Amino acid sequence: MSTAKQIIEKAAERNLKITTAESCTGGMVSAALTDIAGSSAAFERGFVTYSNDAKAEMLGVLPATLDVHGAVSEEVVREMALGARTAARADVAVAISGIAGPGGSEFKPEGRVCYGLANANGVTTQTIEHGAIGRAEVRAAATQHALELILSAL
């Protein structure tokens, strides 16, 4: 059974709502969830916030946080997850922001993805270095990891 199917089944059984706040994945996590028949029982909306303006306007990420830490940071995904959970009135929110490539910098290399997960227990964040494996591969790895984070939260 796919991770997305497990998420939808568990969330629906527990009457929990899930939301997403995606940057580098561009809606791939939401798409994976809504590929599952009956997903509307647990998923009502997600947010694709590719630009800094979108992160601020749609999720309430503070411009100061973006200025100081940059979009690819645990500080920003923390605010993205909290903002998405609030805006969607969801029980669980996952946030993703990363450098899918090609390119990157010495300080933020290609393949670095930051994740945030918000639920009733608070927010956890982490950074994973997926490596310079290619844009499509980074996005796919980030999508799968975000789904695993949601499943573990359920």
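A crossing of two helices is called left-handed if the near helix is turned anticlockwise from the far one by less than a right angle. In this predicted model, the crossing of helix 1 and helix 6 is left-handed. Helix 1 covers residues 3–13, and its axis comes within 9 Å of the axis of helix 6, with a crossing angle of roughly 30°. Angles under 35 degrees count as roughly parallel, and helix 1 and helix 6 are therefore roughly parallel to each other. On the side of helix 1, the contact is made by T3, Q6, I7 and K10, while helix 6 contributes Q144, L147, E148, I150 and L151. Sorted by type, the residues of this contact between helix 1 and helix 6 comprise four nonpolar, three polar and two charged.

A second helix pair can be read in the same way. Helix 3 (residues 52–59) packs against helix 5 (residues 74–88) at an angle of about 40°, and their axes are 9 Å apart. That angle makes helix 3 oblique to helix 5. Helix 3 and helix 5 also cross in a left-handed sense. Here K55, M58 and L59 of helix 3 meet a set of residues in helix 5, namely V76, E79, M80, G83, A84 and A87. The contact of helix 3 with helix 5 is made up of six nonpolar residues, one polar residue and two charged residues.

Just before helix 3 comes T49, which sits in the loop that links strand 2 (47–48) to helix 3. Is T49 buried or exposed? With a relative accessibility of 0%, T49 counts as buried. Apart from neighbours within four places in sequence, the contacts of T49 are E22, S23, A54, K55, M58, L59 and M80. Several of these names may look familiar: K55, M58 and L59 of helix 3 and M80 of helix 5 also take part in the contact between those two helices.

T25 offers a companion case. This residue is placed in the loop between strand 1 and helix 2 (28–34), and T25 too has a relative accessible area of 0%, so it is buried. Once neighbours within four places in sequence are set aside, T25 touches I96, R139, A142 and T143. Of these, I96 falls within strand 3 (92–98), and R139, A142 and T143 fall within helix 6 (135–153).

The cysteines come next. How many disulfides does the model contain? The count comes to zero. A disulfide needs a pair of cysteine sulfur atoms within 2.5 Å, but the sulfur of C24 has its closest cysteine sulfur, that of C114, 9.1 Å away, which is too far for a bond. Seen from the other side, C114 is likewise in no disulfide, with the sulfur of C24 as its nearest cysteine sulfur. Both residues are shielded: C24 is buried at a relative accessible area of 4%, and C114 is buried at 2%.

The backbone has some details worth a look as well. Between G101 and P102 the peptide bond is cis, with omega at about 0°. P102 belongs to the loop that runs between strand 3 (92–98) and strand 4 (112–119). Two residues that are not glycine have a positive phi. One of them is N15, with phi near 55°; N15 lies in the loop between helix 1 and strand 1 (18–22). The other is R89, where phi is about 50°; R89 is found in the loop between helix 5 and strand 3. What is the surface setting of these two loop residues? N15 counts as exposed, at 62% relative accessibility, and R89 counts as exposed at 61%.

A last loop residue, A132, is placed between strand 5 (122–129) and helix 6 (135–153). A132 is exposed, with a relative accessible area of 63%. Along the chain, A132 and G103 are 29 residues apart, yet in space their C-alpha atoms are 8.5 Å apart.

Technical notes. Residues numbered from 1 in each chain as written. Predicted model: local features only at pLDDT ≥ 70, side-chain atom pairs only at ≥ 80, totals over all residues. Heavy atoms only, no water. Axes fitted to C-alpha atoms, helices over the stretch in contact; angles between N-to-C directions. Helix = DSSP H or I, 4+ residues; strand = E, 2+ residues; numbered from the N terminus. Parallel < 35°, antiparallel > 145°, perpendicular 65-115°, else oblique. Contact = heavy atoms within 4.5 Å. Nonpolar A, V, L, I, M, F, W, Y, C, P; charged D, E, K, R; others polar. Buried < 20%, exposed > 50% of the residue type's maximum accessible area, 1.4 Å probe, protein only.
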